[in-house]
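Subject: Structure for your review

Dear colleague,

Please find below the structure that I am handing over to you. A summary of what was found in it follows directly after.

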Amino acid sequence: MNRQLPPTAPSPAWSQSRTAIVTGGGSGIGLAIARRLAAEGAAVAVLDRDAAAAKAAADGITAAGGHALGLTADVAERASIDDAVAQVRERLGRPTILVTSAGLDGFDRFLTIAPSTWDRILAVNLTGTFHCCQAVVPDMVEQKWGRIVTISSSSAQTGNPLMTHYSAAKAGVVGFTKALALELGPEGITVNTIPPGFVDTPMLRRSETRGFLGKGVGQHESTTPVRRVGLPEDIAAACAYLVREEAGYITGQVIAVNGGRTT
Ligand code: NAP
């Protein structure tokens, strides 16, 4: 059978007709992803619970010649996400790229974790991913094309002391991603996860300031195989590839970007 394959080389205009949503796009990894997708031609909706950060990210992209919209949304609140996605549809067009980078970490001894803390960490990291995917997948199905990249964590692969809640939530994101990929493959939609490890963002620096990184980022750099801390742009580069047309045969995969810290 002579099947029509997608182009093997990325077209410079690969994403020019695409609308992307990046949650947590106001800071760190999400911000770098939003900027990168916009630089490659996508119209990008930056969703963040931090209204000023979402606006600043969108303004920065627009000033650089891109097309962006900043929206305030809490991924843990379904109504908030439904409302934001409706605005994206109306103002940027139907979204077919979704990157879920909004996340909340936590450091607590297991026996001290309050049920409310456990619930919040799962609500943001895991249920938030569910809400965003369920809100956007109908647009992808309608267009018979979609790319979802969830941002999990190396904590899901290795576990981390003081992070049972966070590690459990991120491991849930990995399982969710694999299952959703199997279900959505026939619809032309790929679903992959990037578990970052040790990336220099406000979240990482807050951990350092609070004393949860031992002797700090410098010490961890010296034990990382590539001998440096990761940059948000490292994650954005992998994400930009996964949402391309040519990445259509990659789905249900865990694409670690961590300088070799876990293999
Ligand atoms: P970051 O700099 O703190 O950025 C996360 C963004 O998400 C912030 O703007 C944050 O807003 C927002 N956010 C948090 N809860 C939200 C919610 N309920 N709804 C909407 N937005 C929300 O962190 P990052 O390091 O870039 O982390 C990005 C993702 O990578 C997270 O999922 C994180 O778990 C994961 N990750 C990071 C690393 C790393 O080394 N940096 C390692 C493994 C995994 P606020 O500032 O208001 O909270």
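A residue is called buried here when its relative accessible area is under 20%. By that criterion, 49% of the 263 residues in the protein are buried. Please note that this is a predicted model.

Overall form

The secondary structure consists of nine helices and six strands. For 263 residues, a compact globule would be expected to have a radius of gyration near 18 Å, and the value for the protein, 18 Å, agrees with this. The C-alpha trace extends over about 55 × 40 × 40 Å along its principal axes. When contacts between residues at least 6 apart in sequence are considered, 72% of them join residues at least 24 apart.

Surface and charge

The exposed area of the protein is about 12300 Å², of which carbon and sulfur atoms supply 54%. The protein has 24 positive and 23 negative charges, and the mean positions of the two sets lie 5 Å apart.

Strand E1

Strand E1 covers residues 19–23, and five of its five residues are buried, so the strand is largely enclosed by the rest of the structure. Thr-19, Ile-21 and Thr-23 point one way from E1, while Ala-20 and Val-22 point the other way; residues on both sides are buried. E1 pairs with strand E2 (residues 43–48) in the parallel sense, over five bridges. Within this pairing, Ala-20 has Val-44 of E2 as its bridge partner.

Helix H9

Helix H9 spans residues 232–242, and its buried residues include Pro-232, Ile-235, Ala-236 and Ala-238. Cys-239, Ala-240 and Leu-242 of H9 are buried too. The buried residues of this helix pack against helix H1 (28–39) and against three strands: E4 (97–100), E5 (146–151) and E6.

Thr-190 in strand E6

Thr-190 lies in strand E6, which runs over residues 189–194. Is Thr-190 buried or exposed? Its relative accessibility is 5%, and because residues under 20% are classed as buried, Thr-190 counts as buried. Neighbours within four places in sequence left aside, Thr-190 is in contact with Gly-146, Arg-147 and Ile-148, and also with Leu-242, Ala-247, Gly-248, Ile-250 and Thr-251. One of these contacts, Leu-242, is also among the buried residues of H9, and E6 is one of the elements against which the buried residues of that helix pack.

Yours sincerely

Methods. Residues numbered from 1 in each chain as written. Predicted model: local features only at pLDDT ≥ 70, side-chain atom pairs only at ≥ 80, totals over all residues. Heavy atoms only, no water. Helix = DSSP H or I, 4+ residues; strand = E, 2+ residues; numbered from the N terminus. Buried < 20%, exposed > 50% of the residue type's maximum accessible area, 1.4 Å probe, protein only. Contact = heavy atoms within 4.5 Å. Rg over C-alpha atoms; globule rule 2.2 N^0.38 Å. Areas by Shrake-Rupley, 256 points an atom, 1.4 Å probe, with all protein chains shown as cover. Lys, Arg positive; Asp, Glu negative; His and termini not counted. Charge placed at Lys NZ, Arg CZ, Asp CG, Glu CD. Pairing = 2+ DSSP bridges.
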